[in-house]
Amino acid sequence: PLIRPLPSQHMFEHVQKRHRVLFVYVGGESPLKEKYIEVASELIVYTYFFSASEDVLPEYVTLPELPAVMVFKDGTYFVYDEYEDGDLSSWINRERFQGYLHVDGFTLYELGDTGKLVAIAVIDDKNSSVEHTRLKSIIQEVARDYRDHFHRDFQFGHMDGNDYINSLLMDDLTIPTIVVLNTSNQQYFLPDRHIGSTEDMVQFINNILDGTAEAQGGDGLLQRIKRIIYDAKSTIVSVFKSSPLLGCFLFGLPLGVISIMCYGICTADTEGEVFEHEGAKKESGDRELTDEGSEEEQEEEKNGKYTELSDGELKQKDIMEKKKD
């Protein structure tokens, strides 16, 4: 079922041990419950929804009014407030993650739907040095102690290694470091000074909220072109690093085929021009021969006419001589 009932305190404790994040509706029939059922039908694949009566809840839970929707996580609970938290669906979508997470690529993809900025300590989990441990502890303290100030706008966590974050930022980050990501538009913020304490981290977050911290990256046209070039370069380098022979085959074969095609096209054009030039010469020679032949024929015709005229004159002369005689 979308919403599972919790009939006893024992069942409630059992469910709370099994799930790190769970939502509970407390109260009878109401418009809030209808909305709760509607949201559960949309987000059931991401989190867990339950219903319970007030006497089933732990003794430390106090509710200002009924009905109510609560989320249990991080060892405590938080009550939904329509005036402060807005739409119930948006609130549940934001609160379905723990306050502090081990962040990877898939988690970042899911956090993109929450609209939150993600503050990450990029460290090496295998490195137990003071600097790596200190940055992780600072993020954890801010997530725990300053939840009321930042939980609506920020998600906190740490990431093991900088390979994924480098591909996301298109830059080589030196670890350990802290970065704040805006997953909705691919912007990011880097601290302009060393983060040495929780107060430094709080000041850095406040600078982001009030707009004084400079945002880098983004999803503009120039950044998209830069990302295409970076991804292509990264792909080629990774292929050659993992398998040089395969890289030579994958990239050398197409380049060889393209080179041969270009050479063939250029050679074909040159030979065609030579053939056309020779054909033009031959045609002009034939025309010259034809013209010469016609001139000779004209001369022969003229000579023939002269011969005919001479014979006629001779005959006429013979006739005149005979008449005289």
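**View 1. Helices H6 and H9 cross each other.** A crossing is right-handed if the near helix is turned clockwise from the far one by less than a right angle, and left-handed if anticlockwise. In this predicted model, local features need pLDDT of at least 70 and side-chain atom pairs count only at pLDDT 80 or more, while totals for chains, interfaces and linings use all residues. Residues are numbered from 1 along each chain as its sequence is written, and side-chain values use heavy atoms, leaving out hydrogens and water. Helix H6 covers residues 130-145 and helix H9 covers residues 198-210, where helices (H or I, at least four residues) and strands (E, at least two) are DSSP runs numbered from the N terminus. The two axes come within 9 Å and cross at roughly 65 degrees (lines fitted to C-alpha atoms, for helices over the stretch in contact, with angles from 0 to 180 degrees between N-to-C directions), and the crossing is right-handed. On the H6 side the contact (heavy atoms within 4.5 Å) is made by Ile138, Ile139, Glu141 and Val142, and on the H9 side by Thr198, Met201, Val202 and Ile205.

**View 2. An open sheet is built from 5 strands.** The strands follow the order S1-S3-S2-S4-S5, and their pairing (at least two DSSP bridges) is mixed. At the edges stand S1, which spans residues 4-6, and S5, each of which pairs on one side only. Averaged over this sheet, neighbouring strands are turned by 30 degrees against each other, with direction ignored. Helix H4, made of residues 88-95, lies across S2, S3, S4 and S5, and its direction is at about 10 degrees to that of S4.

**View 3. Strand S4 is mostly covered.** This strand runs through residues 68-73, and 6 of its 6 residues are buried (under 20% relative accessible area with a 1.4 Å probe, protein chains only; exposed is over 50%, partly exposed in between). Ala68, Met70 and Phe72 point one way from S4, whereas Val69, Val71 and Lys73 point the other way, and all of them are buried.

**View 4. Strand S4 has a partner in S2 and another in S5.** Strand S2, which holds residues 22-26, pairs with S4 in the antiparallel sense over 5 bridges. Within this pairing, Tyr25 is placed opposite Val69 of S4, while Leu22 is placed opposite Phe72 of S4. Strand S5, which holds residues 76-79, also runs antiparallel to S4, and 4 bridges join the two; here Met70 is found opposite Val79 of S5.

**View 5. Asp74 sits in the turn of the hairpin formed by S4 and S5.** The hairpin leaves 2 residues between its two strands, and Asp74 belongs to the loop that lies between S4 and S5. Although Asp74 is not a glycine, its phi is positive, at about 55 degrees. Asp74 counts as partly exposed because its relative accessibility is 39%.

**View 6. Two cis peptide bonds are shown, one before Pro67 and one before Pro176.** The bond that joins Leu66 and Pro67 is cis, with an omega of about 0 degrees, and Pro67 is located in the loop between S3 and S4. The bond from Ile175 to Pro176 is likewise cis, with omega near 0 degrees, and Pro176 lies in the loop that runs between helix H8 (163-169) and strand S9 (177-182).

**View 7. The whole chain is given for orientation.** Its secondary structure comes to 11 helices and 11 strands, and buried residues make up 33% of its 325 residues. Of the contacts between residues at least 6 apart in sequence, 69% join residues that are at least 24 apart.
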